There are 2 protein chains.
Amino acid sequence: MTEQPPAPGSRGVTRRAVLGGGLLGAAAVGAAGFAAGRAAASAGEPAPDTRAAGTYPFTGRHQAGIVTPAQDRLYLASFDVTTDDREDLVALLQRWTTIAARLTQGLSAGPYGAASGPYDAPPDDTGEAADLPAAGLTVTFGFGRSLFVAADGTDRFGLADRLPDALVELPHFPADALDPARSDGDLVVQACADDPQVAVHAIRNLSRAAFGAATIRWTQLGYGRTSSTSTAQTTPRNLFGFKDGTANLKAEEPDELERHVWVGEDAAAHDSRDSSWLVGGTYLVARRIRMQIETWDRTSLREQEALVGRTKGEGAPLSGGEELTEPDFEVTGREGTPLVALNSHVRLAHPTHNDGVRMLRRGYNFTDGNDSLGRLDAGLFFIAFVRDPRTHYVPMQTTLSRDDGLMEYLQHTGSGLFAVPPGVPDGSLVTGSDGTPITTSHSPFVGQALFA
Amino acid sequence: MTEQPPAPGSRGVTRRAVLGGGLLGAAAVGAAGFAAGRAAASAGEPAPDTRAAGTYPFTGRHQAGIVTPAQDRLYLASFDVTTDDREDLVALLQRWTTIAARLTQGLSAGPYGAASGPYDAPPDDTGEAADLPAAGLTVTFGFGRSLFVAADGTDRFGLADRLPDALVELPHFPADALDPARSDGDLVVQACADDPQVAVHAIRNLSRAAFGAATIRWTQLGYGRTSSTSTAQTTPRNLFGFKDGTANLKAEEPDELERHVWVGEDAAAHDSRDSSWLVGGTYLVARRIRMQIETWDRTSLREQEALVGRTKGEGAPLSGGEELTEPDFEVTGREGTPLVALNSHVRLAHPTHNDGVRMLRRGYNFTDGNDSLGRLDAGLFFIAFVRDPRTHYVPMQTTLSRDDGLMEYLQHTGSGLFAVPPGVPDGSLVTGSDGTPITTSHSPFVGQALFA
């Protein structure tokens, strides 16, 4: 058998899905925004698990993976660009766009898949997701400040005059303990899915496609979402055991999203350089927040609830009501003490104490082994999407880092800020005769306007 | 509100499930062995996700988590015992048994749960799984050689005369690159579940209950199972993109399990010391096997299939047939070359080349970030259960480490061998008036016969 290479496509599993409206951006179907995942299995394969077979459109005004109902699992990778050639960078983004468009629709990374094609070449796809459905995969790309201005000040790619004013260097916040090996990067790729193997497979195949142009700088696996981004989702719990993100921005609030998440024409108009390429995009703030789990677990229920400002069970504000009741910061108990303490997280993070700003949070719990003292290296990988980190993140984090009682149990160990360009327009991808996307030297790509 | 502590149980979420036959070891229901998870939600809580609400009995002749159909996710922790007091060790195992019995049935770690109970004490449970179902959680305990004979030769717990002959120090295999910080340990706890947050929650609460008696030595998160342990499961793929564990021992082969997995009376009868406490138990072999992902991904499909000895798509032996077809090691192609190569993994690992021995494999894919060169630190966390590692693991691994062509892409970076005692007998747990298990100084516990 090893002596008779088969014709391409004649054997093995190719990860496939019939391309419907999903890829081309037709309206999403169903409450969760899933298009039907119609995976065609090779003969002899078990039928795919249709419960998780949903796909989200890759194209659209905004990238997917932002207001998409937060999937259960995350794998996020930051990359350093290793080429100095602008054309190589563009070609990388073209390849990434094509591969992401394929993978999110349940296809393999390339047309031959994991187990067919030229027998003396490496397969198109690494294969570990060959039998798995798309599992709601989204892939979201962003650009770090160092892509525009390198650490040594050089303008490697001729992008310095496109640096948005808001793509700042984040300040050093009190109690920051950032590890450079877990921070920053030229490019970021956020893969979210309901199956971690699908998310890891996406990053692995995109990393493979980056060979010679970019290498992984750091990665983060997140196993439990800590935010809801849709009113259809229940509020999850973080590793403090509390419900998190109750007041999060939701997909069902389009006006609020325009106000707090999407970069508008107005922002670009006031920028000192040409940042019009980012209109319709947003900023991704990533913070790896280690929790002092063991110390927290020895704290009384009273102390825990006072620090958070909510009950641990229901998640209701300590001023009364239920989870979704707005906290009343004025109401006091005996001796005039506010029921929601002055140093409580819910008070300090609330829009009324932050000039009315809101964030779209999309973070995950993480557990990365343990330290030499046997303490879990675990916590919250905070992700937020905001229209301007200068107004929507830095002031709040400055307050929290300084005053939040929870900070005694928190340490920020990694950080990143990335400009997230708008989506690839519906209908713009180059497709082959079977409708699947292909890369050419003219392929549209995520962030194309930056290079125009 | 902070001034009026509520009565225990009057507020918040307590993780609960009505105790049916599951905890007390009645026959499992349904093909997957799930007992019905009848979680009772507090008023106002969303209904739990019943798809994943299954529970497995904690008690029985054998511990759960061995022939239990392999769940999707793993969190495994190795512990060093820090006390030198035998009674402290026994008390730890009593607490662990009670907590594991509770958690596997969808209960919180203690009777008050995460959000009720004495308001000025830390909660019984850390809370991050408060709204989650049992998700098929199993917790499996084992004892390392160092529990019997410490590195300095001391007999800390009076167990030296109970050391089973087969609980050996594993030899150094060719190409081993073991990190002591990822190897060995006095105790091991394997938590498997279909939700990683449930598995992490279990280890965290057991670790918390170990305070003052044991600390975590190392942990491993596994996100994708790489073996099936039931004929009802499909064969998963490892990070080489190949189906793994096709020939694995299955729960539906009780005679083979007796022969290859469970320690029998005969083994104990021939031991040089009294190891009768282990009858009905087994051994857990753990190996953290890093894969050289990037190098593998540049290898041709031909080379990949030749090294594995199976097709990448279907997983069929290269001698022909389908996935479940037995490989024919005699059949040759042109020039007399065997179709299943002499250095192929499937040939070297096959029972016919290993004195007929079989293992119950139960491993997981892992991805632990990346190294400083941007390469993924990813691979296979190999777990196997065998009745005697001297006959069922060491010879095969010696052959594989020396001759397996795949070894060029593999590096063993962690290792552990643990004796896994039999289960806590059905009906033996001390329960309160509501049927939930409670710890007393007389509580039965996992491995109790070792201390008798």
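This passage describes the predicted model of a two-chain complex, from its confidence to its interface and one of its helices. Residues are numbered from 1 along each chain as its sequence is written, and chains are lettered from A and ligands numbered from 1 in the order in which they are written. Local features need pLDDT of at least 70 and side-chain atom pairs count only at pLDDT 80 or more, whereas totals for chains, interfaces and linings use all residues; side-chain values use heavy atoms, with hydrogens and water left out.

The predictor assigns the complex an ipTM of 0.89 and a pTM of 0.90. Chain A has a mean pLDDT (the predictor's confidence in each residue, from 0 to 100) of 88, with 88% of its residues at 70 or more. The pLDDT is below 50 over residues 1-14 of chain A, a stretch that has 42 contacts (heavy atoms within 4.5 Å) beyond near neighbours in sequence. Over residues 16-52 of chain A the pLDDT is likewise below 50, and this stretch has 70 such contacts in the model.

Residues 63-223 of chain A carry the UniProt annotation "domain: Dyp-type peroxidase N-terminal", from an unreviewed entry; UniProt positions are given in the numbering used here, feature names are shortened, and annotations may be inferred rather than shown by experiment. The span is 23% helix and 20% strand, and its end C-alpha atoms lie 22 Å apart. Helices (H or I, at least four residues) and strands (E, at least two) are DSSP runs, numbered from the N terminus.

A turn of 180 degrees with a shift of 0.0 Å along the axis lays chain B on chain A with an RMSD of 0.0 Å, the superposition being by least squares on the C-alpha atoms of residues with pLDDT of at least 70 in both copies. The two copies are thus related as by a two-fold rotation axis. In chain B, the C-alpha of B:D368 is the nearest to this axis, at 3.6 Å.

The contact involves 71 residues from chain B and 72 residues from chain A. The area buried between the chains (accessible area, 1.4 Å probe, lost on putting the two parts together and summed over both) is about 6,100 Å², with 53% from carbon and sulfur atoms. In chain B, B:R204, B:L301 and B:R302 lose the most area to chain A, together 11% of what that side buries. Because 100% of the interface residues of chain B are also interface residues in chain A, the copies meet through the same surface.

In helix α8 of chain A (residues 301-308), A:L301, A:Q304, A:E305, A:L307 and A:V308 are buried, that is, under 20% relative accessible area (1.4 Å probe, protein chains only). The buried residues of α8(A) pack against α7 (293-296) and α9 (345-349) of chain A. A:G309, whose phi is positive, near 90 degrees, follows α8(A).

Key. Buried < 20%, exposed > 50% of the residue type's maximum accessible area, 1.4 Å probe, protein only.
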